[in-house]
Every structure is written in structure tokens, then in C-alpha cells.
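Thanks for making time, everyone. Have the sequence and the model open while I talk, and stop me whenever you like.

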Amino acid sequence: MPRKLLILIADGMGDYPAQELDGRTPLQAARTPNMDAAAAQGTVGTCRTIPSGMPAGSDIANMAIMGYAPKRYHTGRGPIEAAAQGLDCAPSDLIYRLNLCTVSELSPSGLMLDHSGGHIQNEEALNLLQVLRTELDTDQVQIIPGFQYRHLLKHTDGVGTLEAGLDLVPPHDILNTPLAPALEVYARSPLLDSMIHRAHSILTSAWNQTQANAIWPWGQGPPLALPSFAHTFGLRGAVISAVDLIKGLGRAAGMDVLDVPGATGLVDTNYQGKVQAALNFLEHGDFVFVHLEGPDECGHAGDLDCKIQAIERFDEHIVGPVMLDLARMEGAVCMACDHLTPVGVRTHTTEPVPFCFLDSRQIQSGAHEGFSEAAAAAGDVHLEAGHLLLPYLLDRMQEADG
Ligand SMILES: [Zn+2]
């Protein structure tokens, strides 16, 4: 029977040294006794989770950490979220992520004011979508309602069309900048150009009391098709996360997607529920991927204190309880982040991420002083691709089995 492995991801945890922290990173400044103990007794290293030439997206990085090469399998953000919803798609369908957003005006000099339509409430969003679907849906394109500002657009037989090759920018990447370059790209597609302009005129009518006044399709691709995790790695696996893209990756790989009540994706998420769900699953399963969104949110907000606190909570409430149970289940655990979200940059960056690995059967003593970006850079192993991490960990566990 395979032994138990947990991968614990603190989204965006890695960072740069900060002046306000006397040249330390948030991970170094945070009190993290559990990760430090794991580093002292185990292995630390780095892993290049973002392949060269690809953007530093959580979807790409987490796909790699689950063992799938993004250059081979990643088709777009839309298809991953479609997998999370369990949307029925044909291989020839093109799936876009569709945001409800706020623009100052839908013109070249207009600005993208908010990629979330003023954090639109779910019920309000669904009301808007009902009107948009009546007006805009055709045999060729259908709007698929999701949650709050995040929805999907299904383009039947869209694979191979000119739309499939368009470089559509995510709205959160162009906040407060003129829409001209993005609108030029939409203008190359009569289909999308007409859709976004008709949607804008519908949403700017007096009946719409929300701040959402535009739709924004992006992240398009054919349906996500991942080989089964169980067949590929010989493990029965599960994912635990508050965010759709992790659930979508898990579902596409045939893993269990464990729902944890109160998992919010924010700093106040239900830590205990996540750990309990992971440990319960491992009573009969082999592998759990636990994803915590908090540190990334603090990085985007540019808030150092928030990030330090999010890392401390990850260490205390996720890593700590897992470490306590590790020996009992003869398990192994790997702590990492998917990418860096430096507070000074406020977005994702592409550097290799630090990771730390402890197998309860391979305990060393005093191997490293603490877990940090610097310790990882000076560490034992440097993996040139994210999808090599899981096979590396499994090899190490087999070694320990002797
Ligand atoms: Zn991320």
C-alpha cells in the first residue's frame, strides 16, 4: 500500500527581502516553528513552477505541482473553471472565462476600473446574466453562469477559429489603464466585438443598479483533459481549496474535491476544517493537495503585516497539525508556494519557489536553519520544472521504504 503524502501550498507565500523588515522576507519575519522544524529535519530546495514563456498564473503553477506539465496540458483559465463546474463540453468547444466588470466607458480611452464589477453579489450577477443570456446567446455562443463576477462563455466549435488565437488580456492585469490595446484585439473578432458592445449597452440601461457595466471574455481554450491522477501516479488523491481553479484541476485529474464549509480563500478561512478533511481522507486515500489562498491576497494588497500573519496562520493551523500526525501515519509532507506574490510588486512573479519536504521515515537532525527563500536557494535540490516535484517526492519516499 502506498504511503501518505500531503502537499501544502500557501499561495503566493514567497517574496523578496523588504526594507521594512530589515532585509528579511515575510517568510523569514513570520514565526513559523513548524516549517522550521520540517526544514531542520528534512530537505529544502527550489522548484521552477512557471515554465519559461508562460505567465505566472496560479492555474499554471498548481497544475505543475500536481504533476502535469503546463506546456503540454494547460489550455486556459476558462477550461479549468469549466472543469470545476463540471460543465459538459465537446473537444471542439472553446471555453472562455467571462468577467462582469466595470469600465469608465467602453472606448479606447476608457479605463478598466474594476475586474469584479464592484464585487458584485451573486444574486445580482445572476439577474444580469439572465438578461444577457436572453439577448446574446445563440447556437454559437452561450453564457454559462458561475459565481459573483466569475462566469464562463462557451463557443461551440470554437477550436480552430480566429478567436482561439486571440491574446485576450485578463481584466485584473489592466486595472486603471486605457482599454485601447485590449479593444483592438476584440475588434479582430466580429463575434466578440459585437458581444461586448451589445452587453455594454444592455448593462448601462437604467434598470441595472449594480456597478457591473461590461463583460470581458478571456482565458479561452479547448476543454482541459488531464490523464487520471490515479493511473499516472498510482495514488488515490484529493484536493482541498476554496478556489475554483484548484477544484477544477483536481476534478479534471479525477481526484476527490473535498468541500470544506467556511473555506473562504481569505485570511479567516476555516483552517481546522481543511486539516481535518485532509486527515480524514488519508484514512483511506494516499495523497492530499491542500491549498491556502490567504498569503496571495495579502501580496496583491501590498500588505506586509497581513502577509506575515497569513504565513503564521498557515504554519500554526495547517502545517502544525499535519506534522503532529505525520509519524503516526508514516507519512511525508511538502510545504511550498505556487509562485511568489511579492508585496512590493503586488502581482505574481516567475522565480523558482522554495519548498521543504519531510518524510517521517527519513528524519535528519539540524539539516537546515529554518525555512526561507534563502535557505531554499542554498538548499539540497533545485528542480527545473514544477511537474518534476511530485515524482521527486515519490522517489524520495520509495528510497525511505528501502
Ligand atoms: Zn497562486
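So, what covers the buried residues of α12? The cover includes β1 (5–10), β10 (287–292) and α13. Keep in mind that this is a predicted model. Helix α12 itself spans residues 294–301, and its buried residues are Gly294, Pro295, Asp296, Cys298 and Gly299. Just past the end of α12 you'll find Gly302, with a positive phi of about 70°.

Now over to α3, residues 58–65. How many of its residues are buried? It's 8 of 8, so this helix is mostly covered, taking buried as under 20% relative accessible area. Polar and charged names turn up in that list too: Ser58, Asp59 and Asn62 are buried, and so are Ile60, Ala61, Met63, Ala64 and Ile65. As for what they pack against, the partners are β1, β10, α4 (70–73), α5 (77–85), α10 (244–252) and α15. So β1 and β10 come up again: they are part of the cover on α12 and they also pack against α3. After α3 comes Gly67, and its phi is positive as well, near 105°.

Since α15 was among those partners, let's stay there for a second. Helix α15 covers residues 389–401, and Arg396 sits in it. Is Arg396 buried or exposed? It's buried, because its relative accessible area is 13% and the cut-off is under 20%. Leaving aside residues up to four places away in sequence, Arg396 touches Thr43, Phe357, Asp359 and Gln362.

Let's zoom out. The chain splits into domain 1, which is 5–74 plus 226–401, and domain 2, which is 82–221. Going by C-alpha atoms, their centres are 32 Å apart.

Next, the nonpolar cores. In general, nonpolar side chains in soluble globular proteins tend to be buried together. Here, the largest nonpolar core has 83 residues, and the members touching the most others are Leu8, Phe314 and Phe355. Which helix gives that core its largest share? That's α13, residues 304–326, with 9 residues. There is also a second core, separate from the largest one, with 38 residues, Leu100, Leu136, Leu153 and Ala212 among them.

On to a helix pair: α7 (residues 180–187) and α8 (residues 190–203). Their axes are 7 Å apart and the packing angle is about 125°, which makes α7 oblique to α8. On the α7 side, the contact uses Leu183, Tyr186 and Ala187; across from them in α8 are Leu192, Asp193 and Ile196. Sorted by type, that contact has 5 nonpolar residues, 1 charged and no polar ones.

Last stop, two backbone oddities that aren't glycines. What is phi at Gln148? It's positive, near 50°. Gln148 lies in the loop joining β5 (141–147) to β6 (150–155), and at 27% relative accessible area it counts as partly exposed. The other one is Asn176, with a positive phi of about 60°. Asn176 is in the loop between β6 and α7. And is Asn176 buried or exposed? Exposed, because its relative accessibility is 53%, and the cut-off there is over 50%.

That's my tour; happy to go back to any of these spots.

Technical notes
Residues numbered from 1 in each chain as written. Predicted model: local features only at pLDDT ≥ 70, side-chain atom pairs only at ≥ 80, totals over all residues. Heavy atoms only, no water. Domains from an automatic or database assignment. Core = buried A, V, L, I, M, F, W, Y, C linked by side-chain atoms within 4.5 Å. Buried < 20%, exposed > 50% of the residue type's maximum accessible area, 1.4 Å probe, protein only. Helix = DSSP H or I, 4+ residues; strand = E, 2+ residues; numbered from the N terminus. Axes fitted to C-alpha atoms, helices over the stretch in contact; angles between N-to-C directions. Parallel < 35°, antiparallel > 145°, perpendicular 65-115°, else oblique. Contact = heavy atoms within 4.5 Å. Nonpolar A, V, L, I, M, F, W, Y, C, P; charged D, E, K, R; others polar.
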